[in-house]
Amino acid sequence: MAEPASLKVSVWRGDAFQRYEVPAGTNQTVLDVVTHIQREIDPSLAYRFACRVGMCGSCAMTVNGRARWTCRTHVKRVVGEDGALELRPLANLPVIRDLAADLTPFFEKWQRARGTFQPKDAAEGAVPEDFAVVPPASKARREADAGIECIGCGVCYASCDVVAWNSDYLGPAAMNRAWTLVNDVRDGGRAERLDAVAGDAGCHSCHSTQSCTERCPKNLDPSSAIAGLKRTLFWDTLLGRR
């Protein structure tokens, strides 16, 4: 497929799209395009980024209808011969300005899902006197490791159909974090955490459409984590453990 000489970029500016023409470049990322607009064409454009190497996730936006890290998305992967590129802020979140979404509700739901590690041997979050050793090959360690690489970029949250129509729903990232801690044998907050994800806004509201898993830039599987929470709640209730 022939590559376009220039890109026709439509950028959401709060109440309408504004259109820009940007020179196409070799190995150009979507973040390069946004930065070119802000530095060379329109300094008033607001957006967010930090590391540019796929470590922080702060540059996530909606690119041609799909939430992505813009620093790791090459333009040639998402545009056709017409060079059309449409950029919006992440969905399911308030917008601060232009392409910058407010992640406050996203992290508030981590708190609601009890996403903070609570050591068994140290009350109220204090640091234990000794390190707990969990063998890397153990089942407990593998279960806990499965979702621990989440960096909280919000791509799964913006891709979640349930969050889109139920703003109270905890969302994939918060419950992936809860599942990681439920499987952490060092953690002492299991019962409270399961209570937190058992309500109407918790895991039972998930429809398993798996958009979160399909789009996670870290290749994590929040959908399986949510299914794990459902199974654990079922067996704990059936066996009278809660």
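This report describes helix α10, the nonpolar patch that includes L239, and the cysteines of a predicted model.

**Helix α10**

Helix α10 comprises 17 residues, from 222 to 238. Its first and last C-alpha atoms lie 24 Å apart, close to the 24 Å expected at 1.5 Å a residue.

The buried residues of this helix are P222, S223, A225, I226, G228, L229, T232, L233 and D236. An α-helix has 3.6 residues a turn, so residues three or four places apart point the same way. The cover over the buried residues of α10 includes α7 (172–182), α8 (190–197) and α9 (211–215).

**The end of the helix and a surface patch**

L239 belongs to the segment after α10. With a relative accessibility of 52%, L239 counts as exposed, because the cut-off for that class is over 50%. Together with F234, W235 and L238, L239 forms a nonpolar patch on the surface, and the four residues have about 460 Å² of accessible area together. G240, which also follows α10, has a positive phi, near 70°.

**Cysteines**

The model contains 0 disulfides under the criterion of sulfur atoms within 2.5 Å. C59 is in no disulfide; its nearest cysteine sulfur, that of C71, is 3.7 Å away. C59 counts as buried because its relative accessibility is 3%, the limit for burial being under 20%.

For C153, the closest cysteine sulfur is in C156, at 6.5 Å, which is too far for a bond. C153 likewise counts as buried, at 11% relative accessibility.

Methods. Residues are numbered from 1 along each chain as its sequence is written. This is a predicted model: local features need pLDDT of at least 70, side-chain atom pairs count only at pLDDT 80 or more; totals for chains, interfaces and linings use all residues. Side-chain values use heavy atoms; hydrogens and water are left out. Helices (H or I, at least four residues) and strands (E, at least two) are DSSP runs, numbered from the N terminus. The expected span of a helix is 1.5 Å times one less than its number of residues. Buried means under 20% relative accessible area, exposed over 50%, partly exposed in between (1.4 Å probe, protein chains only). Contact means heavy atoms within 4.5 Å. Patches are made of residues with over 30% relative accessible area and no salt bridge: like charges are joined within 9 Å, nonpolar side chains (Val, Leu, Ile, Met, Phe, Trp, Tyr) within 5 Å. Accessible areas come from the Shrake-Rupley method with a 1.4 Å probe; for residues, only the protein chains shown count as cover. A salt bridge is a side-chain nitrogen of Lys or Arg within 4 Å of a carboxyl oxygen of Asp or Glu.
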